[in-house]
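The following exercises ask the reader to work through a structure from its chain arrangement down to single side chains. Each task is followed by a worked solution.

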Protein chains: 2
Amino acid sequence: MSVFTPVPEPILADWLKDYAVGRLVELKGISAGVQNSNFFVTTTLGRYVLTLFEGMPRAELPYYLHLMAHLARHGLPVPGPIANRHNEYLGTLQERPAALVVRLSGASEMNPGAAHCEKVGAMLAGLHLAGQSYGRRQENPRGTGWRSATAALVRPFLPADEQALLDAELAFQASVDIESLPAGAIHADLFRDNVLWDNDDGTPRIGGVIDFYFAGYDALLFDVAVTVNDWCAQPDAALDPQRTAALLEAYHAERPFTDAERAAWPAMLRAAALRFWLSRAADFHQPRTGEMVLVKNPNEYRDILRLRAAGVPPLPL
Amino acid sequence: MSVFTPVPEPILADWLKDYAVGRLVELKGISAGVQNSNFFVTTTLGRYVLTLFEGMPRAELPYYLHLMAHLARHGLPVPGPIANRHNEYLGTLQERPAALVVRLSGASEMNPGAAHCEKVGAMLAGLHLAGQSYGRRQENPRGTGWRSATAALVRPFLPADEQALLDAELAFQASVDIESLPAGAIHADLFRDNVLWDNDDGTPRIGGVIDFYFAGYDALLFDVAVTVNDWCAQPDAALDPQRTAALLEAYHAERPFTDAERAAWPAMLRAAALRFWLSRAADFHQPRTGEMVLVKNPNEYRDILRLRAAGVPPLPL
């Protein structure tokens, strides 16, 4: 989340008349995230997050919004999108597709312990199980096709050793049998900043899972790998054994891993690392312009990929 | 909310398999309320409220659940009902119709000030406005028909002076032209214990409006009167001028009162008082049995009715 497109208050106040959320009290840009423009919106009746979709095809947006509605409706702590007076989730603001969602309470935990990772593992499995009954289907927008295209784009900017790493990884991933893995709607970006924690009674509790705008249909295990690479990595990129075990065991308790998933685990950790190395390298070498734009360091995921490719512990179950 | 029907943990754990909310961690009866059996349910993935509907016709329940879903979907802090794996909100547990809803955070404020009343007034107007686009219609279950029937039931238990008060009020209410008032889906029970406050940033904020199981189609002003009689009454039953003005002005800012509503205001305050005097008197003289049952004092609303019938200030707008 960043702000690429500013929204003047009077324009938002007018736009909100199409919703039943009361009148505008406060508007504030959000500096986190890398893809869309996001704002905290406070009205006389509640607190919301406004997203202006930047460069995402409008036709693809209902998939995300209805997925969030589906998961919220099935009891998961996901921000429900808000329908306007025409009963639609998707509107238009500042010539961009725009949506308002519930603002969930809680704050990100950037230094999670095993207790956090346990909750995240259970929640991820819960999202996957609830996603099985979601009727719409849209491919993972950062899946294999995107990886090839982005690798070609990024490759010329890389030094020789990174080009070699990239070529070897693409060749390896082409040999992986992803079709044998259980698939469904995945979040695909369940990083620490996309989970809000509510610690009101002293124990960590997930108050919200946010930012579903990279979601898509793909192997569930790819989502687990994305999550483990972020939540369980030490500063040297190696996996922390306690946190990794806590996350994977809690996931397994809700949705047991299959034999095919056990076999594919090392490859999925590498695929997940590759995906974020590529997107960060692309954003780094070809940055976008905006009012508040966050560019993340690509080297973190280059190092994670290198280390995962050198060998990882098996799925400990 | 009370507990009339106990639910053993293993039975609930099994029932939850039909939902995508994870596995049961804790079950706890709720002692508040007067109508249904209610429980706090904590699972591996979230916190919920379970309601077993006691003596309410099953056919009438979708009206309440879909109203809550409608309001939540339009951005109001109302507990969304949770769909099971068959995509239905209404299930069956312990031979009772049963529903699971999101547990919202926050706590009731039993000693509200003008700042709380202002938020409640705005929220009530917001509920009324959002309710205008709700497609289902079901009469207020505690409307005029119920009042006549309950008055007949309760009258024999009352002393002579209260019988006279009741007879006079029924005659007066029969003369009121309620048809001229704007109508729609009303909460009809927005007492202090049905609003949850989240004070996380120091200013009172409504985190949840709960218990829609007395909702129905009726005059919006009747709902305002129910709310004012509870939130703005002093211990001597008189209306506190500051709190009353704060609530009504905030309501008016979201949905302006009509001339017909201005004329009907004193009568609506009396109708709202009568409704709760009658239900409490009926519960008091003919109590139900259960594990935890709350019986409220009917005299509070007898006194409120007496005082409102003696004259009230006009709608101050």
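## Exercise 1: Relation of the two chains

In this predicted model, chain B can be laid on chain A with an RMSD of 0.0 Å by a turn of 180° and a shift of 0.0 Å along the axis.

**Task.** Determine which symmetry element relates chain B to chain A, and which share of the contact residues of chain B recurs in chain A.

**Solution.**

Step 1. Two copies of a chain are related by a rotation about an axis together with a shift along it.

Step 2. Here the rotation is 180° and the shift along the axis is 0.0 Å, which means that the relation is that of a two-fold axis.

Step 3. Of the contact residues of chain B, 100% recur in chain A, so that the same surface serves both copies.

## Exercise 2: The interface

**Task.** Describe the surface between chain B and chain A: how many residues are in contact, and what is the area buried?

**Solution.**

Step 1. In contact across the interface are 28 residues of chain B and 28 residues of chain A.

Step 2. The size of an interface is often expressed as the accessible area lost when the parts come together. Between chain B and chain A about 2500 Å² is buried, and 43% of this lies on carbon and sulfur atoms.

Step 3. Three residues, B:Leu45, B:Arg73 and B:His74, supply 26% of the area that chain B buries against chain A, more than any other three residues.

Step 4. The polar component comprises 13 residue pairs in polar contact between the chains, counted with both residues at pLDDT 80 or more. The elements of chain B that give two or more residues to its side of the interface are strand E3 (47-52), helix H3 (114-131) and helix H7 (241-254). With four residues, H3(B) gives the most.

Step 5. By class, the residues on the side of chain B that touches chain A are 14 nonpolar, seven polar and seven charged.

Step 6. Two salt bridges are counted between chain B and chain A. In one salt bridge, the side chains of A:Arg23 and B:Glu254 meet at 3.0 Å, N to O.

## Exercise 3: Salt bridges within the chains

**Task.** For the pairs A:Lys17 with A:Asp14, A:Glu54 with A:Arg96, and B:Arg302 with B:Asp303, state the N to O distance and classify each partner as buried, partly exposed or exposed.

**Solution.**

Step 1. Side chains of opposite charge can pair when their charged atoms come close. Over all chains, the structure holds 32 salt bridges.

Step 2. A:Lys17 and A:Asp14 meet at 3.3 Å, N to O. A:Lys17 has a relative accessibility of 59% and counts as exposed, while A:Asp14, at 48%, is partly exposed.

Step 3. In the pair A:Glu54 and A:Arg96, the closest N and O atoms are 2.9 Å apart. A:Glu54 lies in the loop between strand E3 (47-52) and helix H2 (61-73) of chain A, and A:Arg96 in strand E5 of chain A, so the pair ties together parts that are 42 residues apart in sequence. A:Glu54 is buried at 10% relative accessible area, whereas A:Arg96 is partly exposed at 27%.

Step 4. B:Arg302 and B:Asp303 have their closest N and O atoms 3.0 Å apart. B:Arg302 is buried, with a relative accessible area of 15%, and B:Asp303 is partly exposed, with 32%. In chain A, salt bridges that share partners join A:Glu162, A:Arg302 and A:Asp303 into one network.

## Exercise 4: Positive phi angles

**Task.** Locate A:Glu95 and B:Asn87, and state what the phi angle of each is.

**Solution.**

Step 1. A:Glu95 is not a glycine, yet its phi is positive, at about 60°. This residue is in the loop between strand E4 (91-93) and strand E5 (96-102) of chain A, and is exposed at 76% relative accessible area.

Step 2. B:Asn87, also not a glycine, has a positive phi of about 70°. Its place is the loop between helix H2 (61-73) and strand E4 (91-93) of chain B, where B:Asn87 is partly exposed at 43% relative accessibility.

## Exercise 5: The surroundings of B:Thr244

**Task.** Establish whether B:Thr244 is buried or exposed, and which backbone oxygen its side chain reaches.

**Solution.**

Step 1. B:Thr244 belongs to helix H7 of chain B. Its relative accessibility is 10%; the cut-off for buried is under 20%, and B:Thr244 therefore counts as buried.

Step 2. The side chain of B:Thr244 reaches the backbone oxygen of B:Asp240 at 2.6 Å.

Step 3. Leaving aside residues up to four places away in sequence, B:Thr244 touches B:Val228, B:Cys232 and B:Leu239.

Note on methods
Residues are numbered from 1 along each chain as its sequence is written. Chains are lettered from A and ligands numbered from 1 in the order in which they are written. Side-chain values use heavy atoms; hydrogens and water are left out. Contact means heavy atoms within 4.5 Å. Buried area is the accessible area (1.4 Å probe) that two parts lose on being put together, summed over both. A salt bridge is a side-chain nitrogen of Lys or Arg within 4 Å of a carboxyl oxygen of Asp or Glu. A polar contact is a pair of N or O atoms within 3.5 Å; within protein, one must be able to donate a hydrogen and the other to accept it, and residues adjacent in sequence count only if both atoms are side-chain atoms. Ala, Val, Leu, Ile, Met, Phe, Trp, Tyr, Cys and Pro count as nonpolar, Asp, Glu, Lys and Arg as charged, and the others, Gly among them, as polar. Buried means under 20% relative accessible area, exposed over 50%, partly exposed in between (1.4 Å probe, protein chains only). Copies are superposed by least squares on the C-alpha atoms of residues with pLDDT of at least 70 in both.
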